[in-house]
Amino acid sequence: MRLHLRRKTRRTLHALLVCGLAIAVLHTTGIGCPIKFMTGISCPGCGMTRAWLSALSLRPDLALAYHPLFWSVPELTGIVAYRRRIPRKLFRTLISTAIVAFVAVWVVRLALHHDAGLLFSDLLTTDVVSIGTPKWLTLIRALVVGD
């Protein structure tokens, strides 16, 4: 039992370290979101970090403007962490529902310009979700043209 806990702890710490390093690399290189970097399209989780920072600053209105599903992250983390204790059918239903919800919010936010501004116009000055030129293409263009 003790060895099993140590192995789980090591795996968890390893996963956290890898995630932390990945975030540090993405942040320091200016890539940010790899999906937006590669495609130019915001990902379904776009605004999540800003939403949590706003929530932790006791600004739930601003948090909802950045990402209306920010509150679901702790619940989804718990569902995934305790998936072995949840009946398989219920687990699949919960995860499928979360995926559908995130994709639905993402599609609506891509379709409606200034989506969050419609709800909280005085709080946000820019779109959270957008479609633009991929950053990698902008970098190559800058290197070739010399901008």
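1. A residue is called buried here when its relative accessible area is under 20%. Histidine 67 has 0% relative accessibility and therefore counts as buried. The model is predicted, and the burial of histidine 67 is a computed value from that model.

2. Histidine 67 sits in a loop, with helix 4 (60-66) before the loop and helix 5 (72-81) after it. Neighbours within four places in sequence aside, the residues in contact with histidine 67 are Pro44, Gly45, Cys46, Gly47, Met48, Ala51, Phe102, Val105 and Arg109.

3. On confidence, the protein chain has a mean pLDDT of 80, with 82% of its residues at 70 or more. Of the elements, helix 6 (residues 88-111) has the highest mean, 91, and helix 7 (residues 115-119) the lowest, 54.

4. Cys46, listed above as a contact of histidine 67, is itself buried, because its relative accessibility is 15%. The structure contains 0 disulfides. Cysteine 46 takes part in none, and the nearest cysteine sulfur, at 5.5 Å, belongs to cysteine 43. That distance is not within the 2.5 Å required of a disulfide. Cysteine 19, at 45% relative accessibility, counts as partly exposed.

5. The whole structure yields 1 salt bridge. Arginine 59 and aspartate 61 form a salt bridge, with 3.3 Å between the closest N and O atoms. Side chains of opposite charge can pair when their charged atoms come close. Both partners count as partly exposed, because relative accessibility is 29% for aspartate 61 and 33% for arginine 59.

How values were computed
Residues are numbered from 1 along each chain as its sequence is written. Side-chain values use heavy atoms; hydrogens and water are left out. Helices (H or I, at least four residues) and strands (E, at least two) are DSSP runs, numbered from the N terminus. Buried means under 20% relative accessible area, exposed over 50%, partly exposed in between (1.4 Å probe, protein chains only). Contact means heavy atoms within 4.5 Å. pLDDT is the predictor's confidence in each residue, from 0 to 100. A salt bridge is a side-chain nitrogen of Lys or Arg within 4 Å of a carboxyl oxygen of Asp or Glu.
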